[in-house]
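Take a moment with the sequence and the model below. The text then walks through the helices, the cores and a few single residues.

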Amino acid sequence: MPPKNPSSSRVAEVVLRIPPGNVSTYGEIAKVVGVGARYVGWVMSKSADLPWWRVVNSTGRAHTPAAQAQWDAEGIPHRGDSVVLAECGLDAADLNYLL
């Protein structure tokens, strides 16, 4: 787990609120938390207990092909290695609503 600080804890809180069957992007999570998208990526890389497959880049791709099995298990629509963001992507407003 990354060092405990308000920003990393907030990233984790937002990611944990993404419901099964949905995803969000590093950038949308960053908007909610008030940090950069790369920081969100860093927190995700240090946090094995977060649902990493629900966080994708701005084009809908995950950082590993292993995400596809998780997407299938949750019914997240995807075409190969990219999710269909228009069908399952949550933006900053959606994420704020869930908090």
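This is a predicted model. Begin with two helices, α2 and α3. Their axes come within 8 Å and cross at roughly 100°. An angle of 65 to 115 degrees counts as roughly perpendicular, and α2 and α3 are therefore roughly perpendicular to each other. Look at who meets whom. Helix α2 brings Y26, G27, I29 and A30, and α3 answers with A37, V40, G41 and M44. Sorted by class, this contact of α2 with α3 has 6 nonpolar residues, 2 polar ones and no charged ones.

Stay with α3. Its residues V40, V43 and M44 are buried. Around the helix axis they cover an arc of only 100°, so they sit on the same side of α3. On the other side, R38 and S45 are exposed. What do the buried residues of α3 pack against? They pack against α1, α2 and β2.

That leads to α1. Helices α1 and α3 pack at an angle of about 80°, and their axes are 10 Å apart. This angle makes α1 roughly perpendicular to α3. On the α1 side, the contact is made by S7, S8, V11 and V15. On the α3 side, it is made by Y39, V40, V43 and M44. The contact of α1 with α3 has 6 nonpolar, 2 polar and no charged residues by class.

Now follow α1 itself, which spans residues 6–16. Buried in this helix are S8, V11, A12, V14 and V15. Seen down the axis of α1, the buried residues fall within an arc of 165°, so they line one face of the helix. The face turned away from that buried side carries P6 and L16, which are exposed. What covers the buried residues of α1? The cover includes α2 (26–33), α3 (37–45), β2 (55–56) and α6 (92–98).

One residue of α1 deserves its own look. Not counting residues up to four places away in sequence, V15 touches I29, M44, L50, P51 and V55. Another residue to find in helix α1 is E13. E13 is partly exposed, with a relative accessible area of 33%. Compare its position with S24. The two are 11 residues apart along the chain, and their C-alpha atoms are separated by 13 Å.

Step back to the interior. The largest nonpolar core has 18 residues. Those with the most contacts inside this core are V11, V15, I29, V40, M44, V55 and L95. Helices α1, α2, α3 and α6 each supply at least two residues of the core. Which element gives the largest share? It is α2, with 5 residues. Apart from this core lies another one, of 9 residues. Its members include V23, A62, A67 and V83.

Three more residues round out the tour. The first is S82, in strand β4 (residues 82–83). Is S82 buried or exposed? The cut-off for buried is under 20% relative accessible area. S82 has 16%, so S82 is buried. Its contacts, leaving aside neighbours within four places in sequence, are with T59, G60, R61 and W71.

Next comes A73, in helix α4 (residues 67–74). The cut-off for exposed is over 50%. A73 has a relative accessibility of 67%, so A73 counts as exposed. How far apart are the C-alpha atoms of A73 and Y39? They are separated by 28 Å, while the two residues are 34 residues apart along the chain.

Last is G89, found in strand β5 (residues 89–90). Its relative accessibility is 30%, so G89 counts as partly exposed. G89 and R54 are 35 residues apart along the chain, and their C-alpha atoms are separated by 9.2 Å. Residues up to four places away in sequence aside, G89 touches V23, V84 and D94. One of these, V23, is among the residues of the 9-residue core.

Technical notes: Residues are numbered from 1 along each chain as its sequence is written. This is a predicted model: local features need pLDDT of at least 70, side-chain atom pairs count only at pLDDT 80 or more; totals for chains, interfaces and linings use all residues. Side-chain values use heavy atoms; hydrogens and water are left out. Buried means under 20% relative accessible area, exposed over 50%, partly exposed in between (1.4 Å probe, protein chains only). Helices (H or I, at least four residues) and strands (E, at least two) are DSSP runs, numbered from the N terminus. The arc is that of the directions from the helix axis to the C-beta atoms. Contact means heavy atoms within 4.5 Å. A nonpolar core is a set of buried Ala, Val, Leu, Ile, Met, Phe, Trp, Tyr and Cys residues joined through side-chain atoms within 4.5 Å. Axes are lines fitted to C-alpha atoms, for helices over the stretch in contact, and angles run from 0 to 180 degrees between N-to-C directions. Angles under 35 degrees count as roughly parallel, over 145 as roughly antiparallel, 65 to 115 as roughly perpendicular and the rest as oblique. Ala, Val, Leu, Ile, Met, Phe, Trp, Tyr, Cys and Pro count as nonpolar, Asp, Glu, Lys and Arg as charged, and the others, Gly among them, as polar.
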